[in-house]
Amino acid sequence: MNRIFNFSAGPCTLPVPALESAAAEFLEFQGKGMSLIEMSHRSKEYDAVHMEAMDLVRRLYGVPDNYKILFLGGGATLQFSMVPMNLMGAGGQCDLTLTGAWAKKALADAKKIGTVNVVFDGSDDNFMSLPEAGNLKVNEGAAYFHVTSNETIGGVQWKSFPDTGDVPLVCDMSSDFVSRHIDVSKFGLIYAGAQKNAGPAGTSIVIIRDDLLERSSDNLTAYLNYSIHAAKDSMYNTPPVFPIYMVMKTLKWLEDEGGLVAAEKMAADRSGLIYGAMAKNSGFYNSPVNENCRSLMNIVFRLPSEDLEKTFVAQALENGMSGLKGHRSVGGCRASVYNSMPVAGAQALADFMDEFAAKNG
Ligand SMILES: *Cc1c(COP(=O)(O)O)cnc(C)c1O
């Protein structure tokens with residue numbers, strides 16, 4: 001076996017112990033003569049997996065009792081519709097911070113449901129900066145206030161969140177979920193596609209405050225209605241059993257590593273190494289992102305020319321590091337260093353960056 005350091009933005013690298021444990025029990029789960037994915041989702045074996053996955057989210061974040069945890073299909077993208085459909089309703093209004101490519105998609109879908117007040121627009125600055133959390137105006141009549149905690153493509157990350165008072169704060173946390181401490185009680189709803197920090201593609205995690213469930217209209221079709229999923233602990237229909245199982249394995253690994261304390265430490269170490277290599281070779285590597293909002297998860301950088309960027313990505317691959325090409329919409333290079341990327345991977349990349357700059361600078 002020859003596992004390489006995979007810097008892909010998502011789906012992305014997962015913890016080896018989680019993969020090994022899943023492989024070991026894949027053909028026969030807990031002596032039942034079948035794999036977990038062949039088993040009824042109503043079985044007591046699957047039920048234990050499902051409940052443990054939810055409980056791990058609750059334990060890692062210290063989610064208060066008045067919040068429900070849901071596992072849904074449709075990726076984070078479905079949440080771009082479910083959030084406005086459930087919390088705002090047709091003809092309502094919400095606030096949104098336009099901070100990059102993902103916020104833009106959340107905006108486009110919310111606009112089809114109601115009026116969206118864009119309270120911050122980073123497009124003039126090519127989405128390379130974020131506002132001061134304290135300087136944002138919250139509209140009294142807004143059904144909620146939407147932020148994207150980490151822009152996976154642009155590489156900007158909120159370091160602290162706005163205080164939105166009585167207006168529920170809603171956050172797309174897809175690409176920095178369970179990577180740092182947050183006070184869940186400051187949020188009305190958090191959602192995240194699993195495939196960037198919490199597991200494989202195929203499920204998204206929603207944490208929603210109980211009182212917001214009352215906003216879901218009976219006119220919504222069943223799958224699109226949060227309150228229906230919440231009432232059945234995400235077992236209203238067949239849940240995505242295998243992704244949820246892998247989320248359970250991945251989060252269990254994180255808990256065993258030391259939970260969010262360990263996640264924060266690893267994120268600081270990894271990003272310190274890579275931003276450090278950029279600073280050391282600062283004429284060669286450039287970050288387009290404003291220093292005060294650089295992401296610890298998706299590190300975006302440019303080289304002196306597109307040709308050098310191509311060579312960099314190709315030679316990194318020859319040296320056992322993949323997925324370093326920037327998103328096609330912005331170009332350049334990007335190292336995605338989520339929870340499961342070993343610090344040794346960031347060290348290998350930092351060393352390679354030094355060598356490459358020395359040779360080509
Ligand atoms: C990847 C991503 C999404 C979209 O997730 P899907 O699961 O592909 O629908 C949304 N928001 C952010 C911040 C992301 O990184």
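Helix α3 contributes more residues than any other element to the lining of the largest pocket, four in number. In this predicted model, the largest pocket is also the space that the ligand takes. The shell around the ligand likewise draws its largest share from helix α3 (residues 75-88), again four residues. The points below treat the pocket, the ligand and its contacts, and two backbone features.

**The largest pocket**

- The volume of the largest pocket is about 350 Å³.
- Its lining comprises 22 residues, and the elements that supply two or more of them are α3 and α4 (101-111).
- Nearest the centre of the largest pocket lie G10, W102, I153, K196 and H327.
- By class, the lining of the largest pocket consists of seven nonpolar, 10 polar and five charged residues.

**The ligand and its shell**

- The ligand is surrounded by 13 residues, and those that come nearest are T77, T152, D172, Q195 and K196.
- Eight residues of the shell around the ligand are polar, three are nonpolar and two are charged.
- K196 appears in two of these lists: it is one of the residues that come nearest to the ligand, and it is also among those nearest the centre of the largest pocket.

**Polar contacts with the ligand**

- T152 places a polar side-chain atom 2.4 Å from an oxygen atom of the ligand.
- For T77, a polar side-chain atom is found 2.5 Å from an oxygen atom of the ligand.
- D172 is paired with a nitrogen atom of the ligand, which lies 2.6 Å from an N or O atom in the D172 side chain.
- On its own the ligand has 390 Å² of accessible area, and the protein covers 87% of that area.

**Backbone features**

- The peptide bond that joins G10 to P11 is cis, with an omega near -5°.
- P11 is located in the loop between β1 (5-6) and α1 (16-24).
- G10, the residue on the other side of this cis bond, is one of the residues nearest the centre of the largest pocket.
- Q30 is not a glycine, yet its phi is positive, at about 45°.
- The position of Q30 is in the loop that runs between α1 and α2 (44-61).

How values were computed: Residues numbered from 1 in each chain as written. Predicted model: local features only at pLDDT ≥ 70, side-chain atom pairs only at ≥ 80, totals over all residues. Heavy atoms only, no water. Near = heavy atom within 4 Å. Polar contact = N/O pair within 3.5 Å; in protein donor to acceptor, adjacent residues only side chain to side chain. Areas by Shrake-Rupley, 256 points an atom, 1.4 Å probe, with all protein chains shown as cover. 1 Å grid on protein atoms, 1.4 Å probe; cavity = no way out; pocket = protein on both sides within 12 Å on 5 of 7 lines; lining within 4 Å. Sits in = over half its atoms within 2 Å of the grid points. Nonpolar A, V, L, I, M, F, W, Y, C, P; charged D, E, K, R; others polar. Points joined across faces, edges and corners; volume = space filled by probe spheres on them.
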